[in-house]
Amino acid sequence: MAVTPTVNIVIPQGTDFSEVFSSTETDGTATNLVGFTGASKLKKHPESKTSESFSVSIVAGTGTVSIAMTAGATTRIKPGRYYYDVMLTSSGGSVSRMVEGQALVTAGITT
């Protein structure tokens, strides 16, 4: 079973945010993500009923997955520590977690 990488991110409150992740095979080649879709959420804690969603973009041939939030979305998030993950679903319906980690939302001064 593959280990899900942990990548911690920092989201500056009140700014456009994006992060890019790359998936590679054991031989170093890019993972073929043709037909995959993605979803990603930010929560204060894993059991939280409320969340903020990231938009997810996949570049299938390069194995890259980007998550993003607009400045309007990051403005609504209170500063502090959160959790996030990026889930991928294949065209056949198989679901996997590409990456997970903590997200530190830093306070905006000019928001």
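Glutamate 52 is buried in this predicted model, its relative accessible area being 18%. The side chain of glutamate 52 takes part in a salt bridge with arginine 76, in which the closest N and O atoms lie 2.9 Å apart. This pair connects distant parts of the chain, 24 residues apart. Glutamate 52 belongs to strand E4 (residues 52-59), whereas arginine 76 is located in the loop between helix H1 (71-75) and strand E6 (80-89). Unlike the buried glutamate 52, arginine 76 counts as exposed, because its relative accessibility of 58% is over the 50% cut-off.

In total, 3 salt bridges are present in the structure. Arginine 97 forms a salt bridge with aspartate 85, with 3.3 Å between the closest N and O atoms. This contact also joins distant parts of the chain: arginine 97 is in strand E7 (residues 95-106) and aspartate 85 in strand E6, 12 residues apart. Arginine 97 is partly exposed at 38% relative accessibility. Aspartate 85 has a relative accessible area of 21% and is likewise partly exposed, since partly exposed residues lie between the 20% and 50% limits.

Arginine 97 has a further partner in glutamate 100, and the closest N and O atoms of this salt bridge are 3.3 Å apart. Glutamate 100 is partly exposed, with 26% relative accessible area. Through these contacts, Asp85, Arg97 and Glu100 form a network of salt bridges.

Technical notes
Residues are numbered from 1 along each chain as its sequence is written. This is a predicted model: local features need pLDDT of at least 70, side-chain atom pairs count only at pLDDT 80 or more; totals for chains, interfaces and linings use all residues. Side-chain values use heavy atoms; hydrogens and water are left out. A salt bridge is a side-chain nitrogen of Lys or Arg within 4 Å of a carboxyl oxygen of Asp or Glu. Helices (H or I, at least four residues) and strands (E, at least two) are DSSP runs, numbered from the N terminus. Buried means under 20% relative accessible area, exposed over 50%, partly exposed in between (1.4 Å probe, protein chains only).
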